[in-house]
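Student: Please choose a single part of this model and take me through it closely, giving the cut-offs behind each term as you go.

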Amino acid sequence: MTTTEERIDALELAFGPLDDTSNPLGTVGLLAADAAGRVLPEAERVLDAFDLNAEFVPADVGGRLERMDMLGRLLRPVFRRDASLGFGYGLNCFFATAPVWTAGDPEQRRHAARLLLDGRRVAVARHEVAHGNDFVRDEFTARPVPGGMVLDGSKSAIANASRATGLVIFARTEGAARGRSHTVLLLDRDELPAGRVEDLARRTTTGMRSAEFGGLRITDCPVPRDAVLGAVGDGYELSLRSSLLIRGLIPSIVLAGADTALRTVARFAGRTRADGRSSLDVQHVRDVITGGFLDLLVIDCLALVATRALHLLPRQMSAYAAAAAYLAPKLVAESMDEMSSVLGEETFAQDGAYGMFQKQRRDLPVTSLGHAGSAGRQVSILPQLPYFARHAWFADPEPPPGLFRPHDPLPPLDLSQPALLGDGDPLAATLVACTDLLESAGGPGEEREGSPLRFLARALTGELVELKKAFEKMPEGDREALSSPYSFGLADRYTLVLAGAASLGVWREQRHAPPGRVDSFLADPAWATAVLYRLVRRLGLPLPDRPDDCERLVLDEAMARLHNRRSYDLYSSPLA
């Protein structure tokens, strides 16, 4: 039986080198398919042979899903190449079935598992939200009748609408009480009455052009009572509970696309011109590549914490998943803007050696949008912060070290455990503990970067103090105060503090990793110093002298990974 690590490597090799012009699954083929608005059939056949759908099915119902951190990593070979393929072929099926895995009864879970394990698709039609986006702004209604419900309505933008056998429908329930306005239904199109479900026209998108976003119209369709997931009216809660699973994966898929973008820019910058020089001789170019790599390391630290916390800290992980899903697309979008200044006019290339940059840049807003985008993720964080300020910050114990150790085993995934609102913030305790460690005489990092790293860790801890003061002043449950622009700004700052805490935790645990598990680059304080410098600068806090030596080491690592074909993340995985 293969391990997940072996499956990750096998999937990467099955696609072949992205930059090989003779590879039918390389850049040339993917860009041509994107321009035509279709997914490469050869690429889907690779995923068929790999049985990718099994990765989205929990092991207790016959699938291979056992660890959320590994699922995030396994998606990266696909999303490095084509977000349309990764999302349209399989990840959307996981998004669709998340409510089934979290709230379905045994038969519902088995039915959804059979659909996916048989190679079929499941699509989801989510409900409209006030803070959402126009792309998802129509919906279905369900009215109770004896023995079940009758479903009506339409939705014009559903991923895989016409290709899906299974449907997960969030439907507005007539006559429901406030807060119980939606019900979730698991349907099988093969079992619905004939003529009640109609496929609508496909929608054209700017990003993920090969993915199918079509519509469905359902007319006066009776559905049985056993199609309801959970209870009638559970839709809003199920949406939130499902997001706890989904959000931790967002950093991995945006990181994978950004990996290809950064690799494209680094290759461009490293070209030697006729005069023997290259763009790397320019400080701005070196800064952009260094900064882009650092942002991907930060994002992967957040991805690691958010996914492993589902196993290790289910009662505290809600804020971490939301923060990771909020901050990762933001960092990547800004980093890609900086990268475009290096590529110049090649930024707009639709094909050729640099065409993948434009594709990944177009795809990012769609891959990271989710149900309600960044606002919804901040709204999930904000209600927890006054509680953390009063009861958790500078009081909670640290999380288990395994939160930061990617190769450590994890307890089984229990989807009944994650809580919508956390009862503590142990990741913040890691920031405080690492700051205390660096403050102590002779602490790790004193050899070279101890002083700037100590200064930067102290700055982040000071920011946590300021956040504590600000949220302690807010009355608990004061929705008006929490919904102010000021509070949203504080939530943004909190995510940057968490990013720093996650990065320090990964660095510290690398120093204590057993022989054979130590990554010399991650155990060096250079990358952690450079990461914290960027985060503290984003926060507008006082800075030490720029850590030039640290940034040079990070740039050297980025260029070495380009030439040695290794991934731009915490794992430095081999690429085809």
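**The second largest pocket and helix α8**

Tutor: The second largest pocket holds about 370 Å³ of space, where a pocket is an open set of points on a 1 Å grid over the protein atoms alone, with protein on both sides within 12 Å along at least five of seven lines, and a volume is the space filled by probe spheres set on points joined across faces, edges and corners. Its lining (residues with an atom within 4 Å of a point) counts 22 residues, and Leu18, Asp19, Thr27, Arg263 and Arg267 are the closest to the centre. This is a predicted model, in which local features need pLDDT of at least 70 and side-chain atom pairs pLDDT 80 or more, while totals for chains, interfaces and linings use all residues. Residues are numbered from 1 along each chain as its sequence is written, and side-chain values use heavy atoms, without hydrogens or water.

Two elements, α2 (27-36) and α8 (250-269), give two or more residues to this lining, and α8 supplies the largest share, 5 residues; helices here are DSSP runs of H or I with at least four residues, strands are E runs of at least two, and both are numbered from the N terminus. By class, the pocket lining has 8 nonpolar, 5 polar and 9 charged residues, with Asp, Glu, Lys and Arg counted as charged and Gly as polar.

Helix α8 also packs against α20 (residues 548-564), their axes coming within 10 Å and crossing at roughly 95 degrees, and the two are therefore roughly perpendicular to each other (65 to 115 degrees). Arg263, Ala266 and Arg267 of α8 meet Met559, Arg561 and Leu562 of α20 in this contact, defined by heavy atoms within 4.5 Å, and these residues divide into 3 nonpolar, no polar and 3 charged. Arg263 and Arg267 thus appear both here and among the residues closest to the pocket centre.

Closed space involves α8 as well. There are 4 cavities of 30 Å³ or more, a cavity being a set of points where a 1.4 Å probe fits but cannot get out, and the largest holds about 70 Å³. Its lining includes Ile253, Val254, Gly257 and Ala258, and α8, α10 (318-343) and α11 (355-367) each give two or more residues to it. The lining of this largest cavity divides into 8 nonpolar, 3 polar and 1 charged.

Notes. Axes fitted to C-alpha atoms, helices over the stretch in contact; angles between N-to-C directions. Parallel < 35°, antiparallel > 145°, perpendicular 65-115°, else oblique.
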